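Colleague: Could you walk me through a few spots in this model? I'm still learning how to read these.

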Amino acid sequence: MSYLEKLKECEDRKDLARLLGFRPAALTSIVYKTPPEQKYSSFTIKKKDGSDRVIKAPSPHLKKLQTHLAHVLYACLEEIERARKASPVSYGFRRHGTISANAKNHKRRRYVLNLDLEDFFPTFNFGRVRGFFLNDKSFSLPEQVATTIAQIACDGTALPQGSPCSPVISELIGQILDLRLLRFAMKYGLRYSRYADDITFSTNQKVFPKAVALQSPSDLSEWVLGAELVKKIEGAGFQINDSKTRMHCRGSRQMVTGLVVNEKVNIKSEYYRNARAMCDSLFQQGQYFTRCLPSDKSDEEPQPDLTTSLNPLEGILSHIYSVTQSEERREFKAQREKPRAIRKLYRRFLFYKYCVALEAPLIITEGKTDPVYLREAIRRRTNFQPQLGKQTKQGFEYAIRFFNYGGQAHEITDLGGGSGDLKSIPLDYLRNIDASKQKWKPFKHMPMKHPVILLLDNDDGLGPVASTIKKNFGVSMTVTTLADFYHVTKNLYVVKTPEINGESCIEDLFPQKWLATKLKGKKFSAKSTIDPATEFGKEVFAKSVVKPNAAKIDFSGFDPLLDRVFAVLTHHANKKA
């Protein structure tokens, strides 16, 4: 049974609570017994125009309830759209919606009209939210269920900006506007799309329809919205922010949700130049500017607002890369062999983040299952605490970090999972630190307070990394060498799994009992290729054997490997001292 069917079968508040995974008494306590002033904490952030945007962050218990409601409603939204068999024209607040996908609708057009809805979330007041779930044909929920949903979602007045369920509810109710404006656009031969409160119409017609927008008689550079369009929007319960109405004609730079759409979807050139300047400042000084602050004295220039936080700049680079990548039609191999400028810049930043300015020791494994083993081993082998981790009131805190193969970073740094790809790490040290090996300026700000450890299985897969390191750094390692660790350069080290009768892999450190565990009649294989009919691989072993049985597994076999990791930490600390 789908979530929409389950929701429509709810007859009262108790049924809704159970659907959301809460006891009815718990839902009642959160929604009705918590004082209003304790439900949200408010703060403001600056908009681009300098005005304040009020964010209301829900309390932890309320946020969890709203998150569960959002999960159910997103599933309902997807089911409703599948039933319509039509592609959505709204791209904001969607699991797979992006500003690039929205902008693609309006590439290479003669006219591009942008307009903005005013006070978007406050528009969805309590009565409107409740009425939607009561009266919309897709829901038609009982009165108590619709009322409870509105009480969970609203701050007493309207949908607050900061609630996990505000976006999906705005999308559900916004479909009414989308259907009206889509029919309106088709009537006049226009393309229509919406991203949250940003609405765009575009066309290649020689004359833009006056019912949609027309030039102002007093100023031909200004455009005003047509009366018919205004009536459609206001009739759907929204107001227009006239100050943000913009018409972009062919020959000028055409923008949609901040992206250029003249020939292809792209970011503004000055946006990339600013990002490049920020990176250069970070690599040379360890800090960069995010904006300029006005001086208290009228005769002084604005001063740059400097920061050492990497998060804002990483967000900027990720945005640029995602937008430009949306138009990238080359195969992945070609992108790696001849990377674009943004890919090179993003890669340099990630090297700085993970290898230069790291805040804790970093272990880079051959794949995403090894960290699962190591985290559990560190947690269970108390003789290595607190050097590698410690138990706190909030939970177990690890003193080391593991490279995340689940994010975008592994693709940018050419780490696809596997020992062969790890040779890119020592090569990045050459590119970014050795001035004779690169076309750009080497890093000057290199704190390197903590080590970077490449953790490799001691088998044939060691070859590509070992040969790269031997060729460029003169450090020798083979399957038969027995050193606890290999110091490559700066803060870069290699640690092999302990030699167990010659070759070894990290899975060899588990007791045979657990390696012999069968799941649905299948046996475990640590090989890169498996027979799915009779075998299961490393990911299943980590998820279905190691994680659920971690308290029972004897991790003492990992002690020699953890000894080697600890030896690296000691060596690097002494070297820095």
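**Aspartate 242 and beyond**

Modeller: This is a predicted model, and a good place to begin is aspartate 242, which counts as exposed because its relative accessible area is 59%, and exposed means over 50%.

Colleague: Where along the chain does aspartate 242 lie?

Modeller: Aspartate 242 lies in a loop, the one that runs between helix α10 (227–235) and strand β8 (246–249).

Colleague: And which residues form the negative surface patch?

Modeller: That patch is formed by Asp242 together with Glu118, Asp119 and Glu234.

Colleague: Switching topic, what about glutamine 391: buried or exposed?

Modeller: Glutamine 391 counts as exposed, because its relative accessibility is 52% and the cut-off for that word is over 50%. Unlike a loop residue, it has its place in a strand, namely β14 (residues 389–392).

Colleague: How far apart are the C-alpha atoms of glutamine 391 and arginine 379?

Modeller: Those two C-alpha atoms are separated by 8.3 Å, while the residues themselves are 12 residues apart along the chain.

Colleague: Now the sheet with β20 in it: what is the strand order?

Modeller: The order is β20-β21-β22, so to speak an open sheet of 3 strands with mixed pairing. Its edge strands are β20 (518–519) and β22 (535–536), each of which pairs on one side only.

Colleague: How do β21 and β22 run, parallel or antiparallel?

Modeller: Strand β21 (residues 522–524) and β22 run parallel, and 2 bridges join them. As for residues that face each other there, lysine 523 stands opposite glutamate 535, which belongs to β22.

Methods: Residues numbered from 1 in each chain as written. Predicted model: local features only at pLDDT ≥ 70, side-chain atom pairs only at ≥ 80, totals over all residues. Heavy atoms only, no water. Patch = residues over 30% accessible without salt bridge, like charges linked within 9 Å, V, L, I, M, F, W, Y side chains within 5 Å. Areas by Shrake-Rupley, 256 points an atom, 1.4 Å probe, with all protein chains shown as cover. Salt bridge = Lys/Arg side-chain N within 4 Å of Asp/Glu carboxyl O. Lys, Arg positive; Asp, Glu negative; His and termini not counted. Charge placed at Lys NZ, Arg CZ, Asp CG, Glu CD. Helix = DSSP H or I, 4+ residues; strand = E, 2+ residues; numbered from the N terminus. Buried < 20%, exposed > 50% of the residue type's maximum accessible area, 1.4 Å probe, protein only. Pairing = 2+ DSSP bridges.
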